[in-house]
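Below are some notes on the nonpolar core and the salt bridges, set out as numbered points. Please read them alongside the structure.

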Amino acid sequence: MYKVYLKDEEETKSFGYKLGEIVKKGSIICLLGDLGAGKTTFTQSLAKGLGVCDYVTSPTFTIVNEYDGRIPLYHFDVYRIGSSEEMYDIGYDEYINSDGVCIIEWANLIEDIVPEERLTIELKYVEDGREMILTPKGEEYTRIVEELLK
């Protein structure tokens with residue numbers, strides 16, 4: 001587990017962008033944090049790092065949005081999911097096993113079906129900024145985090 005203090009929104013965007021430049025095909029990023037903690041801002045910046053030109057919005061009601069970049073981005077917001085089984089109705093298996101990057105907001109709500117190897121990022125309010133807690137699971141994600149923190 002790695003902790004980083006983010007003093008403002010610009011630092012959140014910077015880390016998101018850099019992660020977008022680093023991730024590989026098939027990467028799974030799980031985002032946790034309270035409402036307004038910066039999950040969507042982080043995702044928007046990650047998308048820019050992937051070369052996505054479209055405006056990225058949180059797919060709160062559609063569950064998943066797809067974006068084209070140098071690697072496809074599949075942005076999930078599972079806040080309104082009643083159970084993990086509902087994810088299979090939207091083609092979760094195809095997304096999660098694709099060559100795209102999957103970023104899942106509120107991933108803790110579907111913890112039982114999220115792949116074991118992944119990068120979990122939790123954003124928390126602290127003092128005047130935010131704390132980003134990075135928990136890589138698997139060698140590839142540890143390498144990604146080490147490169148991100150250089």
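1. The model is predicted. In it, Glu147 has a relative accessible area of 33% and is therefore classed as partly exposed. Its side chain forms a salt bridge with that of Arg143, with an N to O distance of 2.9 Å. Both Glu147 and Arg143 belong to helix α5, where they are 4 residues apart, about one turn of the helix.

2. Arg143 also takes part in a salt bridge with Glu140, and here the closest N and O atoms are 2.7 Å apart. This pair, too, lies within helix α5 (residues 139–148), with a spacing of 3 residues, again about one turn of the helix. Arg143 is thus a partner of Glu147 and of Glu140.

3. How accessible are the other two residues of this group? Arg143 has a relative accessibility of 29% and so counts as partly exposed. For Glu140 the relative accessible area is 32%, which means that Glu140 is partly exposed as well.

4. The salt bridge between Glu111 and Arg118 has its closest N and O atoms 2.7 Å apart. Is each partner buried or exposed, or in between? Glu111 is partly exposed, at 42% relative accessibility. Arg118 has a relative accessible area of 4%; because the cut-off for buried is under 20%, Arg118 is buried. This bridge therefore joins a partly exposed Glu111 to a buried Arg118.

5. Salt bridges also link Glu9, Glu10 and Lys13 into a network. Over the whole structure, the search finds 5 salt bridges.

6. Turning to the interior, the largest nonpolar core has 49 residues, and the members that touch the most others are Leu19, Phe76 and Ile121. Strand β2 (residues 28–33) supplies the largest share of this core, with 5 residues. In soluble globular proteins, nonpolar side chains tend to be buried together.

7. Which residues does Leu19 contact, apart from its neighbours within four places in sequence? They are Ile29, Phe42, Leu46, Leu119, Ile121, Ile144 and Leu148. One of these, Ile121, is itself among the three core residues that touch the most other members.

Note on methods:
Residues numbered from 1 in each chain as written. Predicted model: local features only at pLDDT ≥ 70, side-chain atom pairs only at ≥ 80, totals over all residues. Heavy atoms only, no water. Core = buried A, V, L, I, M, F, W, Y, C linked by side-chain atoms within 4.5 Å. Buried < 20%, exposed > 50% of the residue type's maximum accessible area, 1.4 Å probe, protein only. Helix = DSSP H or I, 4+ residues; strand = E, 2+ residues; numbered from the N terminus. Contact = heavy atoms within 4.5 Å. Salt bridge = Lys/Arg side-chain N within 4 Å of Asp/Glu carboxyl O.
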